[in-house]
Amino acid sequence: MVSRLVQNTKVMKHAATFLLPSSAVSATNRLAQTYALVVLNQQIPKFTPLLWSHAKLRICADGGANRIFDGVPKLFPDQNQLNIQHRYVPNVIKGDMDSIRPEVHQFYAELGSEIIDDSENQDTNDLHKCISFIQEQTSAFDHSNFCTLVTGALGGRFDHEAANLNALYVFSDMRIVLLSDDCQIRLLPKTHQHEIHIQSTVEGPHCGLFPIGGPSVSTTTTGLTWDLCNSEMKFGSMISTSNKVREEKVTVCSDADLLWTISLKTPIHMGLTC
Ligand SMILES: Nc1ncnc2c1ncn2[C@@H]1O[C@H](COP(=O)(O)OP(=O)(O)OP(=O)(O)O)[C@@H](O)[C@H]1O
Ligand SMILES: Cc1ncc(C[n+]2csc(CCO)c2C)c(N)n1
């Protein structure tokens, strides 16, 4: 069963090259990976300016706009704060608009941000609203190289965190990466085998792999310190946490959708430029 799965299933490749400093990525490789950036209403990671500079679309989810307005100038304490605020203008601000401060709303509206008030929809959170928007905007794109990076998905209220993880499952046909200063999380759909190319200057070694949507009867990995071999995983039994990457390439094959999470290193190498 598993070997037939191995033979028939396509391989999906993953690499967090978006975290590498500009000097370490060729222009061709940079073009090969196109992404949108969604900023949520949580502390922005220190590497946000790097992601911002290469994003094709920059969206703030409601109060995420406050985080850019307040947080980016703090990352450049020696520079003129207003100049920085003028340089970091989101393309879109979308959500139920109960968290963005009036002066931040006015500032970005005057600088041309598209502001989309979705307050009539109280059934989905602001991240869901932003990803739906990206899905509509990119429906003509080849999604195999298009990714949505989300900052601030972790920390604070657990119901928010659960909703953010749920977005990975709701939009399982899109490549979405949740990011904080400390880690990244992505979904590995069971429709594919997975090759994760570890960027060891910026990520690892700590990692985890587990199903949250339903149990896995059989998961097999290579490249980890504690590899799985046709192993069963479920909440209430075994899940793989506090694992470590052992090789530059990790492979995963499972009969269930799994979450992959890996630690991020401090942003010394992350090319903080505005
Ligand atoms: N503490 C948090 N932890 C994780 N994600 C968060 C947190 N706070 C906000 N977010 C994310 O940022 C988005 C925008 O946040 P914002 O505070 O504007 O939402 P909200 O509409 O006020 O949410 P709610 O009404 O549920 O409090 C949220 O939809 C969520 O995805
Ligand atoms: C079963 C159920 N539970 C909670 C909510 C409330 N809710 C979910 S997302 C959201 C928007 C937050 O910005 C709100 C208010 C609902 N509608 N349905």
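This is a conversation about ligand 2 and the largest pocket in a predicted model.

Trainee: What makes the approach of Asp96 to ligand 2 a polar contact?

Mentor: An N or O atom in the side chain of Asp96 is 3.0 Å from an oxygen atom of ligand 2, and a polar contact is a pair of N or O atoms within 3.5 Å, so this pair qualifies.

Trainee: Which atoms of Gln122 and Asp123 lie at such distances from a nitrogen atom of ligand 2?

Mentor: For Gln122 it is a backbone N or O atom, at 2.7 Å from a nitrogen atom of the ligand, whereas for Asp123 it is a polar side-chain atom, at 2.8 Å from a nitrogen atom of the ligand. Of the 450 Å² of accessible area that ligand 2 has on its own, the protein covers 41%.

Trainee: How many residues of each class are in the shell around ligand 2?

Mentor: There are no nonpolar residues, three polar ones and two charged ones; the residues concerned are Asp96, Gln122, Asp123, Thr124 and Asn125. Asp counts as charged, so Asp96 and Asp123 fall in that class.

Trainee: What is known of the largest pocket and its lining?

Mentor: The largest pocket holds about 430 Å³ of space, and of its 27 lining residues the closest to the centre are Asn41, Asn125, Asp126, Leu127 and His160. By class, the lining has six nonpolar, 13 polar and eight charged residues.

Trainee: Which helix supplies the largest share of that lining?

Mentor: Helix H8 does, with five residues, while helix H7 (126–137) and helix H8 (158–170) each supply at least two.

Methods
Residues numbered from 1 in each chain as written. Chains lettered and ligands numbered in written order. Predicted model: local features only at pLDDT ≥ 70, side-chain atom pairs only at ≥ 80, totals over all residues. Heavy atoms only, no water. Near = heavy atom within 4 Å. Polar contact = N/O pair within 3.5 Å; in protein donor to acceptor, adjacent residues only side chain to side chain. Areas by Shrake-Rupley, 256 points an atom, 1.4 Å probe, with all protein chains shown as cover. 1 Å grid on protein atoms, 1.4 Å probe; cavity = no way out; pocket = protein on both sides within 12 Å on 5 of 7 lines; lining within 4 Å. Points joined across faces, edges and corners; volume = space filled by probe spheres on them. Helix = DSSP H or I, 4+ residues; strand = E, 2+ residues; numbered from the N terminus.
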